[in-house]
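Got your viewer ready? Load the model and follow along, one selection at a time.

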Amino acid sequence: MTTVVLRVQGEHVDVDQCLTWIPETALEKVWRAGERRHGGEISATSGCNILLSENEDTSLAVEEAMRVFLSLAPRIAALVQSGATAVVDFALFIEEMGARTIQLDPGVLRSVGQHGVSIVVSAYPCDDP
């Protein structure tokens, strides 16, 4: 399984305004500065996690994620220009021992990077069949 999530956060991110243009079905998590987080810490930032894609086929996950990302990119770029940070996280769920790869071609890297957004690739061990 490959899950792609866009994470946006910053001290001055207006989450309520973001909720007006983020597709409700894609919204995974929202938090606001001053709220308690896991472990009792108080969040210094506001932000949200947006599901861009989830697919068993990694190539399809990347394609779908890029379609959704590009539809949101101008607004994400504006948030980044105002001081927010944004990251696209390509998460691989490893269900058995062995190597797992994801290919991000130069077009993907360019499209994300030109909007001031970083890319992260994460791998999570998973026991689910």
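Here is a short tour of the salt bridges and the nonpolar core.

Before you click, know that this is a predicted model, where local features need pLDDT of at least 70, side-chain atom pairs count only at pLDDT 80 or more, and totals for chains, interfaces and linings use all residues. Residues are numbered from 1 along each chain as its sequence is written, and side-chain values use heavy atoms, leaving out hydrogens and water.

**Stop one: the salt bridges**

There are two salt bridges here (a side-chain nitrogen of Lys or Arg within 4 Å of a carboxyl oxygen of Asp or Glu). Select Asp89 and Arg7: their closest N and O atoms sit 3.0 Å apart. Asp89 belongs to strand E4 (residues 85–94) and Arg7 to strand E1 (residues 2–10), so this pair ties together parts 82 residues apart in sequence. (Strands, E, are DSSP runs of at least two residues, and helices, H or I, of at least four, numbered from the N terminus.)

Is Asp89 buried or exposed? It counts as buried, at 5% relative accessibility, while Arg7 is partly exposed at 31%. (Buried is under 20% relative accessible area, exposed over 50%, partly exposed in between, with a 1.4 Å probe and protein chains only.)

Now pick Asp16 and Arg32, bridged at 2.6 Å, N to O.

**Stop two: the core**

The largest nonpolar core (buried Ala, Val, Leu, Ile, Met, Phe, Trp, Tyr and Cys residues joined through side-chain atoms within 4.5 Å) has 31 residues. Helix H2 (58–81) gives the largest share, nine residues. Finish on Leu6, one of the residues with the most contacts inside this core.
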